[in-house]
Amino acid sequence: MAGEKTGPTAVVPFRQFVLKVHSRCNLACTYCYIYAGPDRSWRARPPTVPAATMQQTALRIAEHARTHRLREVRIDLHGGEPLLTGPGPLLAQAAAIRAALPAGCTAAFGVQTNGTLLTRDMIDTLAAAGFRLGLSLDGGTPALNRRRIDHAGRPSWPAVARAVRLLRDRPDVFAGILCTIDITADPAAVHSSLRALDPPMVDFLLPHANWTSPPPAPLGPAGRTPYGDWLCTVFDLWWDGGPGPRVRVFTEILGLLLGRPSSSEAVGLSPVVALVVDTDGAIEQVDSLKSTYEGAAATGLDVFHHTFDDALAHPGMAARRSGRDGLGAQCRGCALVEVCGGGNYAHRYRADTGGFTNPSVYCADLERLIRHIAARLDATVALN
């Protein structure tokens, strides 16, 4: 890639920075791995990021961009719910980063929100500052979002439905939808309802689970690959359905089957290029690790005392950036390793057998999906 060091000791720098602007959330989703999971570090952190932490983070991003001659960085402002602060701190963070970046380096800004606080004025304000907005949803109907409730148990859908209507009118701002799979929901209903919302992209996420804390069991007769079957159903509807939103997990797998590198931690062997900075300035690994055990995402580093190159050298980061060499023997010997990549790192965790050197808890499901997509791709190529 342009701007990277090359050669046998090549370093792949961070290119995506997930910055926490608010460490609390106005929803209490029943499956949330942050607030209902084993890691409770959020309790000791400031609810909102202080201005000094914001400024120091901007300087560290600029330092990293300058060191590695990066031409573009991606900045994702997250929470909790980032819009609990209102747009002001988001605009301030973006302004601080833009002011600090070296000449020739630009920043793309995004916000991932539950949508409940979005208003037309807020969308206009963030759009004018160059932000794109992503929504977290479980589907496009009230029933499919029954798990997304507030702290009083009230449904979030009425507010989110308003946000969807507003974003549909702003394709320049609408980044897409993240949807955590509910194995009890009809995959056709989920797909069709999300498609009707007309997002540019949908990403279906496997629930964060591992061998020590297994995935939710499906209701009714249990299949050997219930999540793989669910995703295969959606894939066929998407593949055969004509123009519609890009579905990231499907396009990632298709790209890998065709020899392209991955850009997601869900599949493939490409090095991780993202890190997290929490509201207290702590430099952390991706939040999904918090679904495994207390402190799993921690590095002991912070933006006041450490560079992002220090984070590159952290053993946890290095393990997640080592490709095939970081996998267990079963994965290294698998015919699908270049495409599967062992699956999401957090999903490999097992407390009693070597931590993360295991196949994904969704191993069979991923194999089912990858082989199905490969078969559909082969059949399409043969017809043409």
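This is a chat about a predicted model, going from its sheet to a few single residues and a pocket.

Biologist: Where should we begin, and in what order do the strands of the open sheet come?

Modeller: The open sheet has ten strands with mixed pairing, and their order is S7-S6-S5-S4-S3-S2-S1-S8-S9-S10. As general background, the strands of a sheet pair through backbone hydrogen bonds, either parallel or antiparallel.

Biologist: Which strands stand at the edges?

Modeller: Strand S7 (246-247) and strand S10 (298-302) stand there, and each has a single partner strand, so one side of each is left without a neighbour in the sheet.

Biologist: And S8 with S9, do they pair in the parallel or the antiparallel sense?

Modeller: Strand S8 (residues 274-277) and strand S9 (residues 282-284) pair in the antiparallel sense, over two bridges. If you want to find the place in the structure, look for valine 277, whose bridge partner in S9 is isoleucine 283.

Biologist: Which strands does helix H1 lie across?

Modeller: Helix H1 (residues 51-67) lies across strand S1 (16-20), strand S2 (72-78) and S8, and the angle at which H1 runs to S1 is about 175 degrees.

Biologist: Now the loop between S1 and H1: is serine 23 there buried or exposed?

Modeller: Serine 23, which lies in that loop, has a relative accessibility of 4%, and because buried means under 20%, serine 23 counts as buried. A polar atom of its side chain lies 2.9 Å from the backbone oxygen of proline 46. Leaving aside neighbours within four places in sequence, serine 23 is in contact with several residues, including Tyr35, Trp42, Gly80 and Thr279.

Biologist: What is special about the peptide bond that joins glycine 79 and glycine 80?

Modeller: The bond between glycine 79 and glycine 80 is a cis peptide bond, with omega at about 20 degrees, and glycine 80 has its place in the loop between S2 and helix H2 (87-100).

Biologist: Let's change topic to methionine 201; which strand is it in?

Modeller: Methionine 201 lies in strand S6 (residues 201-205), and at 15% relative accessibility methionine 201 counts as buried. Methionine 201 and arginine 246 are 45 residues apart in sequence, while in space they are 4.6 Å apart, C-alpha to C-alpha.

Biologist: Just before S6 there is aspartate 198; what is its phi?

Modeller: Phi of aspartate 198 is near 60 degrees, which is a positive value in a residue other than glycine. Aspartate 198 sits in the loop between helix H5 (187-196) and S6, and with a relative accessible area of 53% aspartate 198 is exposed.

Biologist: How many residues of helix H7 are buried?

Modeller: Seven of the ten residues of helix H7 (residues 248-257) are buried, so H7 is mostly covered. Among them are Val249, Phe250 and Ile253, and the buried residues of H7 pack against S6, helix H6 (226-240), S7, H11 and H12.

Biologist: Last one, which helix gives the most to the lining of the second largest pocket?

Modeller: H12 does, with four residues, while helix H10 (329-332), helix H11 (337-340) and helix H12 (363-383) each supply at least two residues of that lining. The pocket has a volume of about 150 Å³ and is lined by 13 residues, of which Cys331, Cys334, Cys340, Pro359 and Cys363 lie nearest its centre.

Notes
Residues numbered from 1 in each chain as written. Predicted model: local features only at pLDDT ≥ 70, side-chain atom pairs only at ≥ 80, totals over all residues. Heavy atoms only, no water. Pairing = 2+ DSSP bridges. Contact = heavy atoms within 4.5 Å. Axes fitted to C-alpha atoms, helices over the stretch in contact; angles between N-to-C directions. Buried < 20%, exposed > 50% of the residue type's maximum accessible area, 1.4 Å probe, protein only. Polar contact = N/O pair within 3.5 Å; in protein donor to acceptor, adjacent residues only side chain to side chain. 1 Å grid on protein atoms, 1.4 Å probe; cavity = no way out; pocket = protein on both sides within 12 Å on 5 of 7 lines; lining within 4 Å. Points joined across faces, edges and corners; volume = space filled by probe spheres on them.
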